[in-house]
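I opened this notebook to keep a record of what I looked up in the structure, entry by entry. The order runs from the whole chain down to single residues.

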Amino acid sequence: MSLPTLALPGQLLGAFSRYEPGPGTHLHESNVYASLPGRPTASTSSHDPSSKSSKPPPKQTLTVTRLPSTSATADPGPVSERISNTNALPRVGDVVLGRVTRCMTRQVNIGILIVLGASGDNEEGMVCANEIQGVVRREDVRATEKEKVVIGEGFRVGDLVRAVVISLGDQSNYYLTTAKNELGVIMAKSEYGNTMYPISWKEFKDPVTGETETRKVAKPL
């Protein structure tokens with residue numbers, strides 16, 4: 001399994017039997033996942049091949065380096081070579097990444113940041129030059145028991161969300177859905193400001209305090 005050019009929060013990077021989790025990653029159920037969006041790299045500590053030690057070679061350490069802020073004049077660098085920075089407009093069926101900007105009783109507002117296309121391929125993504133407004137209505141949060149959905153239990157302002165465009169909506173918002181296992185919150189910070197990791201389909205855990213918070217968690221890809 002080769003490392004992707006761009007990793008997204010919650011994305012599987014490799015097995016713990018092969019890799020050690022480093023900065024920007026976390027360990028969950030014997031696998032190493034990305035904790036933040038960025039470029040994944042694997043490094044190995046020095047090992048003398050002529051050594052007669054019976055110990056196996058050390059595992060590689062996985063690190064994810066956060067993507068730098070982009071602008072019209074900035075050098076995109078190697079991470080962004082395959083990700084265009086453009087006024088991309090989502091189409092129905094496209095997978096998008098966005099940040100929660102507002103939570104209300106009936107809907108959650110999402111600022112769309114990246115359009116991944118219908119395939120959801122990270123390496124074919126387009127970074128939006130300007131944030132595009134989207135909305136996930138309460139009935140589009142999940143596929144079952146829609147009447148029991150509580151927006152405040154599934155999303156918080158600042159969460160990074162993976163969703164799919166289901167309608168062009170009105171003149172100001174795209175309608176989005178998170179009603180699939182692989183859709184929902186992929187990155188969240190606790191009330192203490194610590195980046196959390198998912199422990200179930202409905203909970204994230206703060207690695208510092210050990211406390212959990214509810215979310216509509218996206219299944220790691």
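Entry 1, surface. Accessible areas here come from the Shrake-Rupley method with a 1.4 Å probe. On that basis I looked up the exposed surface of the protein, which is about 12000 Å², with carbon and sulfur atoms supplying 50% of it. I note at the outset that this is a predicted model, and that every value below is computed from it.

Entry 2, overall make-up. I looked up the secondary structure and found that the protein comes to one helix and 16 strands. Of its 221 residues, 41% count as buried. I then turned to the contacts with a separation of 6 or more, and residues 24 or more positions apart account for 56% of these.

Entry 3, the largest nonpolar core. Which residues have the most contacts inside the largest nonpolar core? This core has 23 residues, and the ones I was after are V96, V108, I110, I112, F155, V161 and L176. I next asked which strands feed it, and found that β8 (95-103), β9 (107-117), β10 (126-137), β11 (160-167) and β12 (174-177) each supply at least two residues. The strand that gives the most to this core is β9, with four residues. Apart from this core lies another, of 20 residues, and I noted L6, V64, L116 and I186 among them.

Entry 4, V108. Leaving aside neighbours within four places in sequence, I listed the contacts of V108, which are V100, R102, C103, G134, V135, V136, I151 and F155. One of these partners, F155, is also listed with V108 among the residues with the most contacts inside the largest core.

Entry 5, T105. I found T105 in the loop between β8 and β9. Is T105 buried or exposed? T105 has a relative accessible area of 64%, and because exposed means over 50%, T105 counts as exposed. Not counting residues up to four places away in sequence, T105 touches R138 and I151. For the pair T105 and I151 I also looked up the C-alpha to C-alpha distance, which is 6.2 Å, while the two are 46 residues apart in sequence.

Entry 6, cysteines. I looked at two cysteines and their cover: C103 is partly exposed, with a relative accessible area of 30%, whereas C128 counts as buried at 10% relative accessibility. How many disulfides does a search of the whole structure find? The search finds zero.

Conventions: Residues numbered from 1 in each chain as written. Predicted model: local features only at pLDDT ≥ 70, side-chain atom pairs only at ≥ 80, totals over all residues. Heavy atoms only, no water. Disulfide = S-S within 2.5 Å. Buried < 20%, exposed > 50% of the residue type's maximum accessible area, 1.4 Å probe, protein only. Contact = heavy atoms within 4.5 Å. Core = buried A, V, L, I, M, F, W, Y, C linked by side-chain atoms within 4.5 Å.
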